[in-house]
Amino acid sequence: MIPATLITHLQAARRIVVLTGAGVSAESGVPTFREAQTGLWTRYRPEDLATPEAFLRNPKLIWDWYSWRKKLVTEVQPNPGHYALAEIENYIATFTLVTQNVDGLHQRAGSHNVLELHGNILRTKCFDEGTLVAKGDENGSVPPRCPRCGGLLRPDVVWFGELLPSDVLRQAMQAAQTCDTFFSVGTSALVQPAAALPWLALEHGAVVVEVNPQATPLTDHAAYVLPGPSGVVLPELVRAVWGKNSPSTDENHHPGRSEANHS
Ligand code: BV8
């Protein structure tokens, strides 16, 4: 159920930012970071694998982990939550999609100019040069070696302890500071500096909406909390706000209902 005041607000919204996390891909079958890993990866914690130290200590193990994740990601499909976000982009003058996910599912669902804070698992770069290497240029070794300098190749993702791409982070912060509405969807809101974005939006007066079946550190500070899976909540939101049978603005405006925390 989408609160009527939120429907009214969104029908007038002009600048929306959406930050997504692993939860948005969960319904596609991509396990989130919090969920136990499956198969031979059960005994590892992702945060212990997603680091440059882990890679240098055991390049093959880490490369194999990413190869397993890459295969998984290419075999799954975007879910209704991804498609709903791609649709909302058509209704809003300034829409910015910022994702912590590295699976490329937003792009496959049709979202444009996706800000990938943590990179993309489908791209590969040289560990030493930092520059991308095309798929075809990978030699047979595991991990493959850079065709230019012979350095180890690695996924083009941001590991723990590494800086985020500065231009992407700057664009995301700029958008968070100037939006009228900020959605935090499917993220535990713990990993920095991505987790600082909703707070930046709050500080600049944006209406913050959280979509997550669980509570997070952001929940008590959001103007609206929609407690459910994004693959269900987001399509319902699109129908309620922009659908053909969505209530017109005057019908559902209830003067006097504050923007207090609704859920
Ligand atoms: C950095 C790519 C500077 C790799 C990832 C204290 C303060 C500030 C910073 C730190 C600190 N201590 C340590 C740090 C640094 C660290 C950090 O934040 N650590 C955390 C654990 C405290 N940050 C960094 O290292 C960042 N770099 O700070 O550089 C620096 C430099 C040197 C030294 C220090 C600092 C880099 C962070 C990026 C790491 N890379 N990914 C890869 O994927 O392999 S992060 C990775 O984990 C994911 O990308 C994702 O962002 C994150 C997991 O978060 P979520 O996406 O939220 O996923 P999660 O599983 O946590 O939650 C899923 C949510 O979905 C849940 O809430 C669940 O309820 C919900 N959900 C489930 N199903 C659904 C759903 N929601 C909706 N619908 C559903 N169906």
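In this predicted model, helix α5 keeps a good part of itself out of sight: L61, I62, W63, W65, Y66, R69, K70 and V73 are buried. The cover over these buried residues includes α3, α4 (52-57), α7 (105-108), β4 (119-126) and β5 (153-157). The helix itself, residues 59-75, also has the length one would hope for: at 1.5 Å a residue, its 17 residues should span 24 Å, and the end C-alpha atoms are 24 Å apart, which agrees.

One of the elements covering α5 is α3, a helix of residues 46-49 in which P46 is found. With a relative accessible area of just 9%, under the 20% cut-off, P46 counts as buried. Setting aside neighbours within four places in sequence, P46 is in contact with F33, Q37 and W65. By contrast, Q11 lies 35 residues from P46 along the chain, and their C-alpha atoms are separated by 40 Å.

Turning to the nonpolar cores, the largest holds 30 residues, and F183 and L237 touch the most other members. Two or more residues come from each of α1 (4-12), β1 (15-20), α6 (80-88), β2 (94-99), β6 (181-185), β7 (207-211), β8 (224-226) and α10 (230-242). Helix α10 chips in the largest share, seven residues. As for F183, leaving out residues up to four places away in sequence, its partners are L10, I16, V17, V18, L19, V209, V211 and L237. There is also a second, separate core of 24 residues, with L164, A172, A189 and L197 among them. In soluble globular proteins, nonpolar side chains do tend to be buried together.

Notes. Residues numbered from 1 in each chain as written. Predicted model: local features only at pLDDT ≥ 70, side-chain atom pairs only at ≥ 80, totals over all residues. Heavy atoms only, no water. Core = buried A, V, L, I, M, F, W, Y, C linked by side-chain atoms within 4.5 Å. Buried < 20%, exposed > 50% of the residue type's maximum accessible area, 1.4 Å probe, protein only. Helix = DSSP H or I, 4+ residues; strand = E, 2+ residues; numbered from the N terminus. Contact = heavy atoms within 4.5 Å. Expected span 1.5 Å × (residues − 1).
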